[in-house]
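Thank you all for coming; I would like to walk slowly through one model this morning, and I would ask you to keep the sequence and the picture in view while I talk.

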Amino acid sequence: MADYCPVYAPFFGTMGCTAAIVFSCLGAAYGTAKSGVGLSAMGVLRPDLLIKCIIPVVMAGILGIYGVVVCFVDTDVLFPSAVALKQTLFSGFIQFGAGLSVGLSCLAAGIAIGITGDAGVRATAQQPRMFVGMILILIFAEVLGLYGLIVALILNTKASGSEGICQ
């Protein structure tokens with residue numbers, strides 16, 4: 001049983017939680033910063049559209065929440081109670097993969113939202129009919145992070161339940 005439950009197995013689960021929060025927040029920060037620059041430039045030309053065009057910044061901020069959700073699910077599986085339980089290597093690797101799944105997909109979504117949001121709000125300032133097209137592209141960019149969240153949640157359901165062999 002020692003081969004299935006080494007002492008370093010929880011390290012991989014913890015690194016999955018770390019990867020989820022770090023990469024998700026990197027994507028959210030980049031998307032917020034890049035969209036915010038475009039929003040500031042657009043606000044000079046058309047201050048009346050400022051509140052309407054803040055949507056890319058809000059959508060980028062949601063990406064960080066996806067990482068927090070997976071991190072909470074991971075810690076619930078890692079530490080189900082105050083009693084320290086052993087963890088299988090399989091479970092640790094699954095949690096690591098789940099963290100990378102949501103983290104890297106949110107990083108990619110944040111880059112897409114940032115670039116699209118920057119160009120989209122500037123285009124909306126010049127031609128207000130571009131707003132609907134910008135929103136559609138932002139939705140398709142945001143759903144990339146959501147796909148990573150769904151995969152991570154599915155993986156985390158597979159990680160729990162195999163701890164009985166470590167007793």
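Let me begin with a small detail: over the face of which residue does lysine 52 lie? The ring is that of phenylalanine 131, and lysine 52 lies over its face at 4.5 Å from the ring centre. Please bear in mind throughout that this is a predicted model.

Now the overall layout. The protein chain has four helices and zero strands, and from the N terminus on its elements run α-α-α-α. Of the 167 residues of the chain, 43% count as buried. If we take the contacts between residues at least 6 apart in sequence, 86% of them join residues at least 24 apart.

Next, the helix packing. Two packed helices are described by the angle between their axes and the distance between the axes. For helix α1, which covers residues 9-45, and helix α3, which covers residues 89-126, the axes come within 7 Å and cross at roughly 5°. An angle under 35 degrees counts as roughly parallel, and α1 and α3 are therefore roughly parallel to each other. The residues of this contact of α1 with α3 divide into 26 nonpolar, 14 polar and three charged.

How do α3 and α4 pack, and at what angle? Their axes are 8 Å apart, and the angle is about 175°, which makes α3 roughly antiparallel to α4. In the contact of α3 with α4, the residues divide into 22 nonpolar, 12 polar and two charged.

With the helices placed, I would like to look at individual residues, beginning with methionine 42, which is found in helix α1. Methionine 42 has a relative accessibility of 1% and, because buried means under 20%, it counts as buried. Leaving out residues up to four places away in sequence, methionine 42 touches Leu49, Leu50, Cys53, Val121 and Ala125. Methionine 42 and arginine 122 are 80 residues apart in sequence, and yet their C-alpha atoms are 5.3 Å apart in space.

Helix α3 gives us two more residues to consider. One of them is glycine 92, which lies in helix α3 and, at 0% relative accessibility, counts as buried. Apart from its neighbours within four places in sequence, glycine 92 is in contact with Ala9, Phe12, Gly13 and Gln87. The C-alpha atoms of glycine 92 and aspartate 74 are separated by 9.6 Å, and these two residues are 18 residues apart along the chain.

Cysteine 106 also has its place in helix α3; is it buried or exposed? Its relative accessibility is 0%, so cysteine 106 counts as buried. Not counting residues up to four places away in sequence, cysteine 106 touches Ser24, Gly27, Leu63, Tyr66 and Gly145. Between the C-alpha atoms of cysteine 106 and valine 143, which are 37 residues apart along the chain, the separation is 9.2 Å.

From helix α4, residues 130-159, I have chosen asparagine 156. With a relative accessibility of 3%, asparagine 156 counts as buried. Which residues does asparagine 156 touch, if those up to four places away in sequence are not counted? They are Val70, Val73, Asp74, Ile94, Gln95 and Ala98.

I will finish with the aromatic residues. A pair of aromatic rings is described by the distance of the centres and the angle of the planes. The structure holds four aromatic pairs, and I will describe two. The rings of tyrosine 8 and phenylalanine 12 have their centres 6.4 Å apart and their planes at 75°, so this pair is edge-to-face. Phenylalanine 11 and phenylalanine 12 also form an edge-to-face pair, with 5.5 Å from centre to centre and 75° between the planes.

As for accessibility, tyrosine 8 is partly exposed, with a relative accessible area of 47%, and phenylalanine 11, at 49% relative accessibility, counts as partly exposed too. Tyr8, Phe11 and Phe12 belong to one aromatic cluster that also includes Phe93 and Phe96. Phe12, which we have just met in both of these ring pairs, is also among the contacts of glycine 92, and that is where I will stop.

Note on methods
Residues numbered from 1 in each chain as written. Predicted model: local features only at pLDDT ≥ 70, side-chain atom pairs only at ≥ 80, totals over all residues. Heavy atoms only, no water. Axes fitted to C-alpha atoms, helices over the stretch in contact; angles between N-to-C directions. Parallel < 35°, antiparallel > 145°, perpendicular 65-115°, else oblique. Nonpolar A, V, L, I, M, F, W, Y, C, P; charged D, E, K, R; others polar. Buried < 20%, exposed > 50% of the residue type's maximum accessible area, 1.4 Å probe, protein only. Contact = heavy atoms within 4.5 Å. Phe/Tyr/Trp six-rings, centres within 6.5 Å; stacked < 30°, edge-to-face > 60°. Lys NZ or Arg CZ within 6 Å of the ring centre and 35° of its normal.
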